[in-house]
Amino acid sequence: KWWLILGDVHDSDDNLKTSMTKWKPDFDSAASEYAKAAVCFKNAKQFEQAKDAYLKEAEYHTENKALFHAAKAIEQAGMMMKDLKKMPEAIQYIEKASMIYVENGTPDTAAMALDRAGKLIEPVSLEKAVDLYQQAAGVFENEDRLRQSAELLGKASRLLVRLRRLDEAATALQKEKNMYKDIENYPTCFKKTTAQVLVHLHRNDFVAADKCVRESYSLPGYSGSEDCVAMETLLQGYDEQDEDQVHRVCNSALLKYMDNDYAKLAISLKVPGGGAKKKTAKPPQGGAGAPAASAEDDDDYEGGLC
């Protein structure tokens, strides 16, 4: 079918010619013919040629002031690069398309394109995926689409945890939680508080973890909830260096069935002071004349929180 492909390209070039009876190039028809050619190349798995055809289509849509269609064509060019396993180039085209969507007044389409790009690049670069999810979240936030924005921030937060960029994860989680509070999705706020506590404890910032719980008391239904009791128990165990108590909370169903990145934070959490178990008081052996505890025992937790 190569003659068909070449015919479409030839027809598109003919549409750009002017004459005594045709004063303006027919950009719309030219774009349409390049779109047909792109599909033919794509079906023939000639992805490089398909990419070039989509870009020519986009060029003529731009000349014709059809920005939405131009962005669509550029996004398709990006997908051809994805099929060629050239992910950085693919993402560049999709980001360019998203900017044109915004310029065209279709920000929702821009945000969804960035979300798709994030999913594509995740296996290759978590850092770039974080950037794309945050860009998409920003687009939705500007449109007051807080639920969609919070969901995308959630994707970014989890990847930041996986990257061990915990300071940034803590900031993203707080913004995400504030959005859920604004739309009155309080049960999700409870879960975000738990995630915050885990992140802050891995940052060795007990004060920040405790503050997150205390601030959450103002959320309707949080005080006395399963989430609240679990975090109070966890913080108490962490503060008192009670490894058994921390282990029980972190291996409870409530934390084990969180998103995988947060569940991993829970099961890997260690109490300060080297992770020693808190000793249980035992009655003296041999009555009143039993020897006192040794100085070595007294020093088990010397040094406090860290």
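How many aromatic pairs does a search of the whole structure find?

## Aromatic pairs

The search turns up 6 aromatic pairs in what is a predicted model. One of them joins Phe68 and Tyr101 in a tilted arrangement, with 5.5 Å from centre to centre and 55° between the planes. This pair links distant parts of the chain, since Phe68 sits in helix H4 and Tyr101 in helix H5, 33 residues apart.

How exposed are the two partners? Phe68 has a relative accessibility of 28%, so this residue counts as partly exposed. Tyr101, by contrast, is buried, with a relative accessible area of 0%. Elsewhere, ring pairs bring Phe27, Tyr34 and Tyr60 together into a cluster.

## Helix H5 and its length

Let's follow Tyr101 back into its helix. Helix H5 covers residues 87–103, which makes 17 residues. At 1.5 Å a residue, helix H5 should span 24 Å, and its end C-alpha atoms are indeed 24 Å apart, so the two values agree. Just after H5, Gly105 adopts a positive phi of about 85°.

## The buried side of H5

Which residues of H5 are buried? They are Met87, Ala90, Ile91, Ile94, Glu95, Ala97, Ser98, Ile100 and Tyr101. It helps to recall that an α-helix has 3.6 residues a turn, so residues three or four places apart point the same way.

The buried residues of H5 have three helices as packing partners: H4 (67–83), H6 (107–121) and H7 (126–142). Helix H4 is also where Phe68, the ring partner of Tyr101, is found.

Methods
Residues numbered from 1 in each chain as written. Predicted model: local features only at pLDDT ≥ 70, side-chain atom pairs only at ≥ 80, totals over all residues. Heavy atoms only, no water. Helix = DSSP H or I, 4+ residues; strand = E, 2+ residues; numbered from the N terminus. Expected span 1.5 Å × (residues − 1). Buried < 20%, exposed > 50% of the residue type's maximum accessible area, 1.4 Å probe, protein only. Contact = heavy atoms within 4.5 Å. Phe/Tyr/Trp six-rings, centres within 6.5 Å; stacked < 30°, edge-to-face > 60°.
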